[in-house]
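Thanks for coming. I will go through one model this morning, beginning with the ligand site and ending with the chain as a whole.

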Amino acid sequence: MQNIPKIVIIGGGAGGLELATQLGHKLGKKQRAEIILIDKNRSHIWKPLLHEVATGSIDADLDGVIYSAHGVKHGYRFELGEFCDLNSEQHTVTLAAVNDNEGKLLLPERTISYDKLVLAIGSVSNDFNTPGVKQYCHFLDSHKQAQEFQHELLNHFTRLHQLKSEQPLRIAIVGAGATGVELSAELFHIAHMAKQYGLANGHAVQLEIDLIEAGPRILPALPEKLSATARNELTQLGVNVLENTRISEATEQGFMTSEGKLIDADMMLWAAGVKAPDFLKNIDCLELNRANQILVSGDLKARNQDDIFVFGDCCAFLQADGSFVPPRAQAAHQMAKLLAHNVANDLEHRPLKQYHYVDRGSLVNLSGYSTVGSLMGNLSKNGMFIEGKIARLMYISLYRMHQMAIHGLAKTGALFIAEKLLRVVRPKMKLH
Ligand SMILES: Cc1cc2nc3c(=O)[nH]c(=O)nc-3n(C[C@H](O)[C@H](O)[C@H](O)COP(=O)(O)OP(=O)(O)OC[C@H]3O[C@@H](n4cnc5c(N)ncnc54)[C@H](O)[C@@H]3O)c2cc1C
């Protein structure tokens, strides 16, 4: 292994795990390069599933991919660690010390050298420095946070049930992008399901959900028709949609609006926009935009850096119209595919391809109630509106594409069958 180049990928998320798998097959298995994947967690869960983890509709312990085992099969090596610094002149990255659950030192701070580095560390929720948000709100940036939400939700269900309380559970969500909208619908679904599992007194748990959006409409980044249809569906479910409502503070009791009105809540979630992690601001060799995302050139190299590639949510890719590529799983997937080519070619000093974002449209899944979306393509340059079963099928196919990229066809098929069987033999919601 000593004379072959070392490719270090940091972040095994929607994009990073796909890239590690592809480079593992292309270079790692053939001993043409050593591929190292670093992540601060031991297992991967596809981020667009986090709202389902948060409600207990899926169990991250069962659906997660264990990096170390996956790496052995797919030609890369996994290292647990949290990236915190970078020295581009010495070609090294620093990983913070890792402690175990009891706070005892597991791994000391380390530096790791690279020939080519790929940063794919994703994004985190942007609280825009709103007072109280860090202290009182849940976030859905990681499966740990999603599990914390699920535990609190289950505790509320248990409390209401065992005290035979007729009080509704009040949940307030700030940010009506895909995360907030999908979570609102998923919560109603799980509240209905609770009665099947002895968590509600013969009827669904009563929910009072406020979905709060500062802008004039929900799903502001998506076409208006899609937003209007989703709004209609949510309102019918019973979600209280509050548009043009700006939050100035989170308190123990709930959210305070800029007009001084308190929105009472038992649980609060903040999902109002994303940014790349703040520590990137301390790394001098990287140029960032206002959302801390790393500016890249057309071949996805960090600006003015020859050996550092950046992609997914943490990269700022400027498009011809002056906008940045949106932080989406479909962009991370496309970029991973391009980088499997570019990183390999760069090692051999061959030409690199330029990235071009292709918007395939957007799909929003309102749990079992409905799915709405707009598809972009040659036949529908302005977006074709879809709804119902076809939209649901397309929504599921996004996840299946990710599974195909990391497991291949045969295992994706086997997982599909296993999931269906588990649905029959296990409860349909996580109850612990
Ligand atoms: C609830 C929800 C629903 C969504 N739905 C959709 C959808 O329907 N369609 C769509 O296109 N997009 C959707 N998105 C957005 C999509 O999930 C992201 O755009 C996508 O995951 C970005 O991929 P990524 O690889 O850049 O980052 P991520 O998938 O976030 O992966 C980042 C990885 O880096 C690791 N990491 C982070 N920091 C460090 C560090 N310092 N050191 C080491 N490792 C680190 C993390 O553990 C993680 O594994 C959704 C997001 C959410 C939260």
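How many residues surround the ligand, and which are the closest? There are 30 around the ligand, and the closest are Gly 15, Asp 39, Phe 83, Asp 313 and Ala 329. A residue is counted here if one of its heavy atoms lies within 4 Å of the ligand.

Some notes on the source. This is a predicted model, in which local features need pLDDT of at least 70 and side-chain atom pairs count only at pLDDT 80 or more, while totals for chains, interfaces and linings use all residues. Residues are numbered from 1 along each chain as its sequence is written, and side-chain values use heavy atoms, with hydrogens and water left out.

Back to the shell. By class, the shell has 12 nonpolar, 12 polar and six charged residues; Ala, Val, Leu, Ile, Met, Phe, Trp, Tyr, Cys and Pro count as nonpolar, Asp, Glu, Lys and Arg as charged, and the others, Gly among them, as polar. Strand S6 (82–87) and helix H9 (329–347) each supply at least two of the shell residues. H9 gives the largest share, three residues. Helices (H or I, at least four residues) and strands (E, at least two) are DSSP runs, numbered from the N terminus.

Now the backbone atoms facing ligand oxygen. A polar backbone atom of Ala 329 is 2.9 Å from an oxygen atom of the ligand. For Pro 327, a backbone N or O atom lies 3.2 Å from a ligand oxygen, and for Gln 330 the value is 3.4 Å, again from a polar backbone atom. Taken alone, the ligand exposes 1000 Å², and the protein buries 90% of that. Accessible areas come from the Shrake-Rupley method with a 1.4 Å probe; for residues, only the protein chains shown count as cover.

One residue to look at separately is Ser 367, in the loop between strand S24 (361–366) and strand S25 (370–377). Is Ser 367 buried or exposed? Ser 367 is buried, with a relative accessible area of 5%; buried means under 20%, exposed over 50%, partly exposed in between (1.4 Å probe, protein chains only). Leaving out residues up to four places away in sequence, Ser 367 touches Ala 185, Glu 186, His 189 and Arg 392, where contact means heavy atoms within 4.5 Å.

Last, the whole chain. The protein chain has 11 helices and 26 strands. Of its 432 residues, 52% count as buried.

Notes:
A polar contact is a pair of N or O atoms within 3.5 Å; within protein, one must be able to donate a hydrogen and the other to accept it, and residues adjacent in sequence count only if both atoms are side-chain atoms.
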